[in-house]
Amino acid sequence: MHHALELAQRGAALGEVPVGAVLVHNQQVIGQGFNQPISRHDATAHAEVIAIREACAAFNNYRLPAGTTLYVTLEPCTMCVGALIHARVARLVFAASEPRAGMVGSQLNLPAQDFYNHTLEVDQGLCSAHSSQLLKAFFRERRKSAKKIQQAKQLLIKQHRDEI
């Protein structure tokens, strides 16, 4: 999970929501990623999906080997849970809950549904305080930046009016 947190920080440095994901099989990293939907112009470029794509490409298969674990810093969304199930990830370990859109207990518990043809073992809370702190700091800074931009715009408008 520490590696996933480092990846999340890389994403934050690029202005992306700080989420990192690491796929592990036989104690080896087989795929990793951080959120990149903004920089890639791709709504599906979530950390989990990027990690799955990398691992599947390495194995030349759309299904991952039995016993693969995904460590991710934030509770997955609907799309990512679907990708985990289709790639046959055996175990999901996530740090922080996502109360607005989390699909592994916060809003729904998709892995617990009995209509899927694959089951996903889930553990949560590993490094949750660190992940939550990273996310809160990111959004606090984003709000502060947005406020500064808004203040600068208002100042320019006022200056323009004063000139007229």
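These are my notebook entries on what I looked up in this predicted model.

**Entry 1: the record's binding site**

I began with the annotation. UniProt, in an unreviewed entry, places the feature "binding site" at H46, C77 and C80. I wanted to know whether these residues are gathered or scattered in space. They span 35 residues in sequence, yet no two of their C-alpha atoms are more than 9.4 Å apart, so they gather at one spot. I also checked the pocket search for them. H46, C77 and C80 are included in the lining of the largest pocket.

**Entry 2: H46**

Next I took the histidine of that group. I found H46 in the loop between helix 2 and helix 3. Is H46 buried or exposed? Neither label fits: H46 is partly exposed, with a relative accessible area of 21%. That value sits just past the cut-off, since buried means under 20%. I then listed the neighbours of H46, setting aside residues up to four places away in sequence. H46 touches N35, C77, M79 and C80. Two of these, C77 and C80, share the binding-site annotation from UniProt with H46.

**Entry 3: C77**

I moved on to C77. C77 sits in the loop between strand 3 (69-74) and helix 4 (78-87). Beyond its neighbours within four places in sequence, C77 is in contact with H46, A101 and M103. So that I had a long distance to set beside these contacts, I looked up C77 against H160. The two are 83 residues apart along the chain, and their C-alpha atoms are separated by 45 Å.

**Entry 4: cysteines and disulfides**

With cysteines on my mind, I asked how many disulfides the structure holds. The count is zero. I went through two cysteines to see why.

- C56: its sulfur is 13 Å from the closest cysteine sulfur, in C80, which is too far for a bond. C56 is buried, at a relative accessible area of 13%.
- C127: its closest cysteine sulfur is also in C80, at 20 Å, again too far for a bond. C127 is partly exposed, with a relative accessible area of 22%.

For scale, the two sulfur atoms of a disulfide must be within 2.5 Å.

**Entry 5: salt bridges**

I ran the search for salt bridges over the whole structure, and it finds four. I wrote up three pairs.

The side chains of D42 and R53 meet in a salt bridge, with N to O at 3.7 Å. This pair links distant parts of the chain: D42 is in the loop between helix 2 (37-40) and helix 3 (47-59), while R53 is in helix 3, 11 residues apart. D42 counts as partly exposed at 23% relative accessibility, and R53 also counts as partly exposed, at 39%.

R91 forms a salt bridge with D123, and their closest N and O atoms are 2.9 Å apart. Here too the pair links distant parts of the chain, with R91 in strand 4 (residues 91-96) and D123 in strand 5 (residues 121-124), 32 residues apart. R91 is partly exposed at a relative accessible area of 26%, and D123 is partly exposed at 29%. I noted a further partner as well: R91, E121 and D123 are linked in a network of salt bridges.

Where do K144 and E141 lie? Both are in helix 5 (residues 128-163), three residues apart, about one turn of the helix. Their side chains meet in a salt bridge, 3.8 Å from N to O. K144 is partly exposed, with a relative accessible area of 43%, and E141 is partly exposed, with 42%.

**Entry 6: S131**

My last stop was a serine. S131 is found in helix 5, the helix that also holds K144 and E141. Unlike that partly exposed pair, S131 counts as buried, at 1% relative accessibility. What does the side chain of S131 reach? A polar atom of this side chain lies 2.5 Å from the backbone oxygen of T73. Leaving aside neighbours within four places in sequence, I listed the contacts of S131 as L5, T73, A95 and A96. T73 therefore goes down in my notes twice, as a contact of S131 and as the residue whose backbone oxygen meets the serine side chain.

Note on methods:
Residues numbered from 1 in each chain as written. Predicted model: local features only at pLDDT ≥ 70, side-chain atom pairs only at ≥ 80, totals over all residues. Heavy atoms only, no water. Buried < 20%, exposed > 50% of the residue type's maximum accessible area, 1.4 Å probe, protein only. Helix = DSSP H or I, 4+ residues; strand = E, 2+ residues; numbered from the N terminus. Contact = heavy atoms within 4.5 Å. UniProt positions renumbered as here; feature names shortened; annotations may be inferred. 1 Å grid on protein atoms, 1.4 Å probe; cavity = no way out; pocket = protein on both sides within 12 Å on 5 of 7 lines; lining within 4 Å. Polar contact = N/O pair within 3.5 Å; in protein donor to acceptor, adjacent residues only side chain to side chain.
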